[in-house]
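Got your viewer open? Load the model and let's walk through it, one selection at a time.

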Amino acid sequence: MSTAISIKSLTQRPAWKTLGTHHKKIRNIHLREFFADDPKRGERLTAAAAGLFLDYSKNRITDQTLKLLLQLATESGLRDKIEAMFNGEKINITENRAVLHVALRAPKGSTFIADGKNVVPEVHAVLDKMADFSKRVRSGEWKGHTGKPIKNVINIGIGGSDLGPVMAYEALQHYSERAMMFRFVSNVDGIDFVEATRGLDPTETLFIISSKTFTTLETMTNAQTARDWVLAGLGGDVKAVAKHFVAVSTNAEKVSAFGIDTVNMFGFWDWVGGRYSMDSAIGLSTMLAVGPDNFRAMLSGFHEMDEHFRNAPFENSLPVLMGLLSVWNNNFLGAQTVAVLPYEQYLKRFPAYLQQLTMESNGKHVTLDGKKVEYQTGPVYWGEPGTNGQHSFYQMIHQGTRLIPCDFIAFGHPLTPLGRHHDILLANVFAQAEALAFGKTFEQVKAEGTPDWLVPHRVFEGNRPSNVILADRLTPEVLGQLVALYEHSVFTQGAIWNIDSFDQWGVELGKVLAQRIVPELESATAPNLDHDSSTNNLIQRYRKMKGTK
């Protein structure tokens, strides 16, 4: 994208330079002082849109910080880059592709253009096909090879073809069809497949094979094993494959060769990146679990946040604010990680999902024009649901030597009300954010009568930044809003850093080398190895373990 490449180098932008000077002035000011000087700070530094409320007041910023960050967004061409994405320009420059996941959740009648063509009608044709299939499976109309209805669905994929569907299933389990079993296989480690199929009846099991090219090594290895498992349980009749397998793919030839009826092939497009695909046909398992209406509600939530991101002024935009704060914490405060802490057990896989979304997108070391970056790009994202994490890694967040910004995610109403549980849960959210911000001083600990020798151990420095994201309750619509919030926050960060957030060449090298090593491990005779001495030795040692030369 020529306009992006022509933008002045990040470190040479006036706002970036001024932010550096500004940071030196405020870096030693504690959040306790910020709040003491501005009693209404906790009310002012908030934003709400598309069903979500964001409290960002506990970040180490002033109004001037925010002004400069917003100026940086303008100097980085963020508005033009947003429009370029929504207009279907090929902003994934290394693969010469448009980035139009926003079209996947556009309402009927909308227009999103890719290569001169409105793609929305095709999107809805696939959604309608998915809905029809889901209704037939959920109602029992779709029968397996022996005439039994489907009770078990296993999604086989990897990366975006697995992480999104797994996260969405766990997140929306409250809304799922409990008479059906949903399992997911991604790892080429055989244990994953064995455990996923343990106790299941092949006559009642449907596999979804999710692979755009139908060539991904891990996915197709697991798919072939699934095919063998089904045929072994159904007397070897290859006609059974068509009744127990469907495909999410674009390679009709390979899908057909596998034995799947291409009528039951659900397609998607080059402008859908894997980590942005959970609302495409990759989400077929999600629709089977929660039904077409709930799936469409999730798409509606995505779309609400899309429209907010595209149209809201930057100072009111939740994704822009979160993205800019992440840049501030990363590039000026030196934070290398972000902890995502959902206080909602259904979101237990949300941090793992965000790991791919954020780190595959912004884990880049060169700019759009191929120059080595002079600054840190994507931080490490990680986390666990509360309150579990409080009894493990929160110790490091509170009293460790590393600065770890936190995103707390919570809901006003539980999906499964149970006594006092939700009040206690939310009390922990608010208490943790408060403790991280304000800590506990030496004087406060001393005043409690703590012995002098113990006082240093019980001091909490505080001044540790966090966001709190609140929504009414976890619905399919709110899940869509949350995912889109982080998608567009990632986009914002990538736009500031002037990197390509939509390719993933770092995934390739290890996969290529693995393809070379596989036959060396499987060869009946000793192979001629020409790797480095460590790799050669490891291959030879493994072959001895197998009992081969």
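Which residues does Tyr-486 touch, not counting those up to four places away in sequence? Select Tyr-486 in this predicted model and show what surrounds the side chain: you should find Met-322, Val-340, Phe-350, Leu-354, Leu-357, Asp-407, Ile-409 and Ile-469.

Now widen the selection. Tyr-486 belongs to the largest nonpolar core, which has 124 residues. Together with Trp-271, Phe-350 and Leu-479, Tyr-486 touches the most other members of that core. Color helix α20, residues 476-497, next: this helix gives the most to the core, with twelve residues. Apart from that core lies another one of 23 residues, and you can pick out Ala-240, Val-241, Phe-245 and Ile-260 among them.

Next stop, the sheet. Show the strands as cartoon and look for five of them in the order β6-β5-β7-β8-β9, an open sheet with parallel pairing. Pick the two edges, β6 (181-185) and β9 (265-266): each has a single partner strand, so one side of each is left without a neighbour in the sheet.

Stay with β6 and add β5, residues 152-156. The two pair in the parallel sense over five bridges. For a landmark, click Asn-155, which stands opposite Phe-184 in β6.

Then bring in the helices that pack on this sheet. Select α8, residues 160-171, and you'll see contacts to β5, β6 and β7 (205-210). The direction of α8 makes about 150 degrees with that of β6. Helix α10, residues 217-233, packs on the sheet too, touching β5, β6, β7 and β8 (245-248). Here the angle is about 160 degrees, between the directions of α10 and β7.

One more side chain: go to His-422, in helix α18 (residues 421-438). Is His-422 buried or exposed? Its relative accessible area is 14%, so His-422 counts as buried, the cut-off being under 20%. Leaving out residues up to four places away in sequence, His-422 touches Phe-411, Gly-412, His-413 and Pro-414.

Finally, zoom out to the whole chain. You're looking at 22 helices and 13 strands. The radius of gyration is 25 Å, close to the 24 Å that the globule rule gives for 549 residues, so the chain is as compact as a globular protein of that length. Turn on the surface as well: the accessible area comes to about 23,700 Å², with 52% belonging to carbon and sulfur atoms. Underneath, buried residues make up 54% of the chain.

Conventions:
Residues are numbered from 1 along each chain as its sequence is written. This is a predicted model: local features need pLDDT of at least 70, side-chain atom pairs count only at pLDDT 80 or more; totals for chains, interfaces and linings use all residues. Side-chain values use heavy atoms; hydrogens and water are left out. A nonpolar core is a set of buried Ala, Val, Leu, Ile, Met, Phe, Trp, Tyr and Cys residues joined through side-chain atoms within 4.5 Å. Buried means under 20% relative accessible area, exposed over 50%, partly exposed in between (1.4 Å probe, protein chains only). Helices (H or I, at least four residues) and strands (E, at least two) are DSSP runs, numbered from the N terminus. Contact means heavy atoms within 4.5 Å. Two strands pair if DSSP finds at least two bridges between them. Axes are lines fitted to C-alpha atoms, for helices over the stretch in contact, and angles run from 0 to 180 degrees between N-to-C directions. The radius of gyration is taken over C-alpha atoms; the globule rule is 2.2 Å times the number of residues to the power 0.38. Accessible areas come from the Shrake-Rupley method with a 1.4 Å probe; for residues, only the protein chains shown count as cover.
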